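This report looks at how some of the helices of one protein chain pack together. Please keep the sequence and the model shown below at hand while reading.

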Amino acid sequence: MNFSGFLRLSTPRFSRSLATVTHTPRLAPQRHDWTRQEIQKIYDSPLLDLVFRASSIHRQNHDPSKIQLCTLMNIKTGGCSEDCSYCSQSSRYSTPTKASRLLDIEPVIEAARKAKENGSTRFCMGAAWRDLAGRKRGFERILQMVREVRGMGMEVCTTLGMLSPEQAKQLKEAGLTAYNHNLDTSREFYPQVITTRSYDERLGTISAVRDAGISVCSGGILGLGESDADRIGLIQEVANMPEHPESFPVNALVPIPGTPLEGNERVAHHTLLRTIATARVVLPGTIIRLAAGRNTLSESEQAMCFMAGANAVFTGEQMLTTPCSPWDEDKAMMGRWGLEGMQSFEQASVARKEGAALGPQTTRTVSKPQAESS
């Protein structure tokens, strides 16, 4: 029997055609009543199941082809009076980091221009201070830095220690987009890491920033000696804030000689991955920032973090006191994985706080199989 005619009639031919998928930025619904038990259950689920769940939630709330590129500059190094046990900028420890004065405006603006030319759309400035008390002239200089970087069309972020409500208001008026103030770890473990500033003082600064209409950037550091329960406690703390932080940095400790934590082991990749994926499930609309320690990850390890919901990185010459993956390497990696950089103010919740329109829809072209019968 000749089946050739039958096969021609019954077998569909598959060809690949282009379909356009429009991704409209939207504010994700937020829960503010997460229990430790609920988050623990998510964190403890089988790792591949957890990554799949997080990836699905990520795609519902973000364009998975977009990564926010940020550059961080230390505008005032060392000499800090705090005793953060991981930090080389503390004046209490003998480390390779030497104290310096607050930089002048022009070198900071030049660094921001260079970052923008290399594709970064958020420029972050950090000063090693406990707070701004007695620093009126320095604060005025920083306000001018914020105005000028914002005038370049970039998102602007600062981390300057504790803020008062009035200082937060001044930063907002100068054009500040976001303020970074990490909680670092759980409330329970925090006293083993820092004694010179309380957990509630950190929360007070975050409240002042949020009340001023500035986007909150607050996350933690893995590898401090904390337990899984502490990582879960950190996520619960930020998830149950009145608003989820617009950005949640996940840092992997880079042990620095001279600090109390210089002998800590590198955090396991699966721990980093679990933390990112759990944060993505609990904080669906938040930018999850793969921060310090990323340069120690292989490209495939970074790709898994992106799959699990990370969608921002620091890129450039260095972070505050630790190495950073350079722009050229990051752009090449993103090209291999089909990723592209976000535009400034593309995140819906940030755009809302800026009072800006969300702008035109982002259109992605994807291919899918389509059956054609003849």
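## The chain as a whole

In this predicted model, residues 24 or more positions apart account for 78% of the contacts in the protein chain with a separation of 6 or more. The secondary structure of the chain comes to 12 helices and 12 strands, and buried residues make up 54% of its 374 residues.

## The two sides of helix α2

Which residues of helix α2 are buried? Within this helix, which covers residues 36-43, the buried residues are Ile 39, Ile 42 and Tyr 43. When one looks down the axis of α2, these buried residues fall within an arc of 95 degrees, so they line one face of the helix. A general feature of helices bears on this pattern: an α-helix has 3.6 residues a turn, so residues three or four places apart point the same way.

The face of α2 turned away from the buried side carries Gln 37 and Lys 41, which are exposed. On the buried side, the residues of α2 pack against three helices, namely α3 (47-61), α8 (228-239) and α9 (269-282).

## The contact of α2 with α8

The axes of α2 and α8 come within 10 Å and cross at roughly 120 degrees. Because angles from 65 to 115 degrees count as roughly perpendicular and those over 145 as roughly antiparallel, this crossing makes α2 oblique to α8. The crossing of these two helices is right-handed.

From α2, the residues that take part are Arg 36, Ile 39, Gln 40 and Tyr 43, and they meet Asp 228, Ala 229, Arg 231, Ile 232, Gly 233, Ile 235 and Gln 236 of α8. Sorted by class, the residues of this contact divide into five nonpolar, three polar and three charged. Two of the α2 residues in this contact, Ile 39 and Tyr 43, are also among the buried residues of that helix.

## The contact of α9 with α10

Helix α9, one of the helices against which the buried residues of α2 pack, also meets α10, a helix of residues 299-307, and the axes of α9 and α10 come within 9 Å and cross at roughly 20 degrees. That angle makes α9 roughly parallel to α10, and α9 passes α10 in a right-handed crossing.

The contact is made by His 269, Leu 272, Leu 273 and Ile 276 of α9 together with Glu 301, Met 304 and Cys 305 of α10. By class, this contact has five nonpolar residues, one polar residue and one charged residue.

Key:
Residues are numbered from 1 along each chain as its sequence is written. This is a predicted model: local features need pLDDT of at least 70, side-chain atom pairs count only at pLDDT 80 or more; totals for chains, interfaces and linings use all residues. Side-chain values use heavy atoms; hydrogens and water are left out. Buried means under 20% relative accessible area, exposed over 50%, partly exposed in between (1.4 Å probe, protein chains only). Helices (H or I, at least four residues) and strands (E, at least two) are DSSP runs, numbered from the N terminus. The arc is that of the directions from the helix axis to the C-beta atoms. Contact means heavy atoms within 4.5 Å. Axes are lines fitted to C-alpha atoms, for helices over the stretch in contact, and angles run from 0 to 180 degrees between N-to-C directions. Angles under 35 degrees count as roughly parallel, over 145 as roughly antiparallel, 65 to 115 as roughly perpendicular and the rest as oblique. A crossing is left-handed if the near helix is turned anticlockwise from the far one by less than a right angle, and right-handed if clockwise. Ala, Val, Leu, Ile, Met, Phe, Trp, Tyr, Cys and Pro count as nonpolar, Asp, Glu, Lys and Arg as charged, and the others, Gly among them, as polar.
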